[in-house]
Amino acid sequence: MRNRPLLVVVGAAVALAAIGLATVRSAGLALPEQSALWPRQLAWLIVGSAAALLVAPADLRRHKDRRALLIHGALILATIATFAASGVNDAHRWLHLGRLNVQPSEPLKLGLVLALASCFSRPAEGPRPLRDLALPAGLVACTLIPVLLQPDLGTAVVLALIAASALSLERFSRGARVTLAIGAIGSLATVWLTLHDYQRARLAAFVHGADPMTTGYQSDHALRLVGAGRLLGAKSFAGSEPYPLPEAHGDFAFAVWAHEHGFAGTALVLALYLALVLAALRIAAGARDRFEARVAVGVAAIVFWQAVINAGMVMGLLPVVGVTLPLISYGGSSAFTCLVGVGLLASVARRPTAA
């Protein structure tokens, strides 16, 4: 059945969104001020689903040249515009549109996918020379700099991994590979020098061990919640008292789900992400041209890297950097972006491979 991968993608996305609603609701049961979070999340899911339905019939090949770059450029400008808006805890990540708070760096991930797919939409005769890196490198730099300055290390890491995933699909000359390696090392050094003190403290705490009462508070309590879930989950909180995490409904929603549904529930969520990513890669394999194939791989990369980083962060395998779990963590812009990504996959999957 040609559209089976698309059915898997849609089914997994719906299941993850339902799990997310249940988790956000559960995380806020003991906090009256958070009782409106899950209806807001549901509203964003509805809006995102509508956007996915609009995107699905589109012919992406019409956007593989200037339009892809224009879309990405507009999203970069929207991200820069957040510096003119009022910040929250010294972070400028949101645009305030009436009662809506929109985080442009979330759809910026899809913009980067489209832009890099456009850069490599034409095949090369042999390994790509160094000059083929100029435009992609400039796009990545213009994407990462405003996100790092917001500051939003987690999103910057995801954007960098999306770019690395896109570049891994191409064959480059030896000089281009050496330049890539030098650029990567230089970028890491630059990022380290621009990190805020609390960001450096989180990374250092992960490497050297953290005090559970200070820098290691979040990771320690998240790991305790995951462990308390055992095989089938515990219901000890269930609205009787708040979860001992400042972002239980957001970055640490996975800990709430693992606590209440145990190893079985955790395995289910990870299996759904794996199914979605593998189905997206199958859609990429059946794409009509290089541009659509790279868009599908880019969407798979967004879901894969965010799921890996968030789950690893919650289970103490990675440092706390602030990355949402796709379709499960509370966040309207994140949910909207993921569903538009599903729409892009549907656009690629609904047409057969060109002969």
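Analyst: Before we begin, one term: a residue belongs to the lining of a pocket when it has an atom within 4 Å of one of the points that make up that pocket. Please also keep in mind that this is a predicted model.

User: How is empty space in a protein found, and what volume does the second largest pocket have?

Analyst: Rolling a probe the size of a water molecule over the atoms shows where empty space is left. Here, the second largest pocket has a volume of about 1200 Å³. Its lining consists of 35 residues, and those nearest its centre are Leu 144, Ala 160, Ala 184, Ser 187 and Leu 188.

User: Which helix gives the most to the lining of the second largest pocket, and what is the character of that lining?

Analyst: Helix α7 gives the most, with 10 residues. At least two residues each come from α5 (134-149), α6 and α7 (174-194). By character, the lining divides into 29 nonpolar residues, 6 polar and no charged.

User: What is found in the largest pocket?

Analyst: The largest pocket holds about 1500 Å³ of space. It is lined by 44 residues, and Arg 93, Trp 94, Gln 103, Glu 247 and Tyr 330 are the closest to its centre. Elements that each supply at least two lining residues include α2 (37-55), β2 (100-102) and α12 (332-349). This lining has 19 nonpolar, 16 polar and 9 charged residues.

User: How should I read the overall fold, and how many helices and strands are there?

Analyst: One counts the elements and then follows their order. The protein has 12 helices and 2 strands; along the sequence, the pattern is α-α-α-β-β-α-α-α-α-α-α-α-α-α. Of the contacts between residues at least 6 apart in sequence, 75% join residues at least 24 apart.

User: Let us take a single helix. What length does α5 reach, and which of its residues are buried?

Analyst: The span of a helix can be compared with an expected value. Helix α5, with 16 residues, reaches 23 Å from its first C-alpha to its last, close to the 22 Å expected. Its buried residues are Pro 136, Leu 139, Val 140, Thr 143, Leu 144, Pro 146 and Val 147. The elements covering them include α3 (66-81), α4 (107-119) and α6.

User: Is Glu 292 buried or exposed?

Analyst: The label depends on relative accessible area, with buried meaning under 20%. Glu 292 has 0% relative accessibility and is therefore buried. This residue sits in helix α11 (residues 290-314). Beyond its neighbours within four places in sequence, Glu 292 is in contact with Asp 59, Leu 60, Arg 61, Ala 287 and Val 348. Its C-alpha atom lies 8.4 Å from that of Ser 121, although the two residues are 171 apart along the chain.

User: Where do unusual backbone features appear, such as a cis peptide bond or a positive phi in a residue other than glycine?

Analyst: The peptide bond from Gln 150 to Pro 151 is cis, with omega near -5°, and Pro 151 is in the loop between α5 and α6. Arg 230 has phi near 50° and lies in the loop between α9 (217-228) and α10 (253-285). Leu 327 also has a positive phi, of about 70°, and belongs to the loop between α11 and α12. Arg 230 is exposed, with a relative accessible area of 70%, whereas Leu 327 is buried at 4%.

User: How many disulfides are there?

Analyst: A search of the whole structure finds 0 disulfides. As for cysteines, Cys 142 is partly exposed at 44% relative accessible area, while Cys 338 is buried at 12%.

Conventions. Residues numbered from 1 in each chain as written. Predicted model: local features only at pLDDT ≥ 70, side-chain atom pairs only at ≥ 80, totals over all residues. Heavy atoms only, no water. 1 Å grid on protein atoms, 1.4 Å probe; cavity = no way out; pocket = protein on both sides within 12 Å on 5 of 7 lines; lining within 4 Å. Points joined across faces, edges and corners; volume = space filled by probe spheres on them. Helix = DSSP H or I, 4+ residues; strand = E, 2+ residues; numbered from the N terminus. Nonpolar A, V, L, I, M, F, W, Y, C, P; charged D, E, K, R; others polar. Buried < 20%, exposed > 50% of the residue type's maximum accessible area, 1.4 Å probe, protein only. Contact = heavy atoms within 4.5 Å. Disulfide = S-S within 2.5 Å. Expected span 1.5 Å × (residues − 1).
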